[in-house]
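The following exercises concern one protein structure, shown below. Each task is followed by a worked solution.

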Amino acid sequence: MHIVIVNRWPRFVDSERWDNELTQYEHFFDHHLHRISYVVDGPGAEGVLTPREDIAHLVQVQDVNQYEQLLAAVSEIVAKVGPVDLLIALSEFTLEIAARVRQTLNIPGHGPAQVAVYRDKARMKEILQDHGLAVPTFTRCQSLEQTLAFAAEIGYPVIVKPVDGAASIGVGKATDEPSLIALLSGVELQRYEVEAFIQGQVYHIDGFTDEQGCVPFQVVSRYINSCLDFASNQPLGSVIVQDSPLRTRIESFSQRCLQALDLHSSAFHLEIFVNDDGELVFLEVGGRVGGSEVPHLINEIFGVNLYEHWLKRLIGLPPQVVANAQDPSGGWLIIPKPAQLPCRVINAQGPEVPSLWRSLLPAPGEVLEAGGGYDALHSGRFIFTGANETDIERDIQHVITHFQFQAEPL
């Protein structure tokens, strides 16, 4: 089999940073049994640790998220190595581009229409609504007048988001018509949707589906604050939910959503609301591994590398999931960079708590720059294990309260 892997993530070898340490292509695939080629950009080149003599062909481009560049790179690989049987892209931002390349070059796998069900936030809600599953009231933005009329009809506040966004980039909350106009000013309206604001608790569910679309493994977690809060420079974290009637309801709802979306042989990161009336309402889903500390926590707690299960299933080698009878919990926390950037760190210090497993703090003198997702170098990142759900949340809240950070703007 000829496999092409599109990689835009570095691996931080001999570093305290654990970002992307689980994307071990060199261990997932037998590079002698299969022909494995790579398309990378600058950072992505640092994430390919396979010896170059074992790689069928490698092409480095400026930006793997540009369709023309990725198409040219894969076309070069086809010319050098031969037809591609599997084109793999793990990043949320690359899924659509890779789908277009598959379609253009007749490579098997998900094309644009299939990828839309887990990339287009309006499309996924349309499908679930047709299956009788609860979603927020929403509309695609077609014109400013139509969008303002929709918001006036359902009532403020409303949420504005790009239909193809990720990591809460471009997401905003409008409390009245002037703030909605401001959020939509200067954007490409057809790329946005507006939906009703749901009052309640947000949960995320992470796992993978098999060839039949069943869910052999999933982990339910409750957010501490929200992704929208994080975009406003507030801490973001979550704690793994232990056995309860609510968790059972969420797991069942998750499976129904994934089956309605016909998501097969894929990792997933699903987000839902539990509203103030206790009803479960779909928020959004990604056909990829969850970001931030999610995969690292799950691998430590359950011994399941979501990247490994996803990629091996694509070539028909499903790893075994060993049931964990202990019903463990764990959690993670990110304290974002300060609002004023760039800045030079003077001091970053987190308190000691019993369940702290890993922490990543910028060193004094280190410069924090704008940009990056949840796995960038922030004011502080923490992973918690070895305690029950209540104690994990207690420790997370303690770190939030007692975290110390000083920096000077540049």
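**Exercise 1.** State which residue of strand 2 is the bridge partner of Ile3, and describe how strand 1 and strand 2 run.

*Solution.* The partner of Ile3 in strand 2 is Ile36. Next, consider the two strands as a pair: strand 1 (residues 2–7) and strand 2 (residues 35–40) run parallel and are joined by 6 bridges. Two strands pair if DSSP finds at least two bridges between them. Helices (H or I, at least four residues) and strands (E, at least two) are DSSP runs, numbered from the N terminus.

The model is predicted, so local features need pLDDT of at least 70 and side-chain atom pairs count only at pLDDT 80 or more, while totals for chains, interfaces and linings use all residues. Residues are numbered from 1 along each chain as its sequence is written, and side-chain values use heavy atoms, with hydrogens and water left out.

**Exercise 2.** Determine the strand order of the sheet and which strands stand at its edges.

*Solution.* The open sheet has 4 strands in the order 3-2-1-4, with parallel pairing. Strand 3 (57–60) and strand 4 (86–89) each have a single partner strand, so one side of each is left without a neighbour in the sheet. On average, neighbouring strands of this sheet are turned by 15° against each other, direction ignored. Helix 3 (residues 67–81) packs on the sheet and touches strand 1, strand 2, strand 3 and strand 4 (contact: heavy atoms within 4.5 Å). The direction of helix 3 makes about 155° with that of strand 2 (axes are lines fitted to C-alpha atoms, for helices over the stretch in contact, and angles run from 0 to 180 degrees between N-to-C directions).

**Exercise 3.** Establish whether Ser265 is buried or exposed, and locate this residue.

*Solution.* Ser265 is found in the loop between helix 10 (245–260) and strand 12 (267–275). Its phi is near 45°, a positive value in a residue other than glycine. Most residues other than glycine have a negative phi. At 14% relative accessibility, Ser265 counts as buried (under 20% relative accessible area; exposed is over 50%, partly exposed in between, with a 1.4 Å probe and protein chains only). Not counting residues up to four places away in sequence, Ser265 touches Thr209, Asp210, Glu211, Trp310 and Leu314.

**Exercise 4.** Identify the residue that Leu341 is joined to by a cis peptide bond.

*Solution.* The residue is Pro342, and omega is about -5°. Pro342 lies in the loop between strand 14 (330–335) and strand 15 (343–349).
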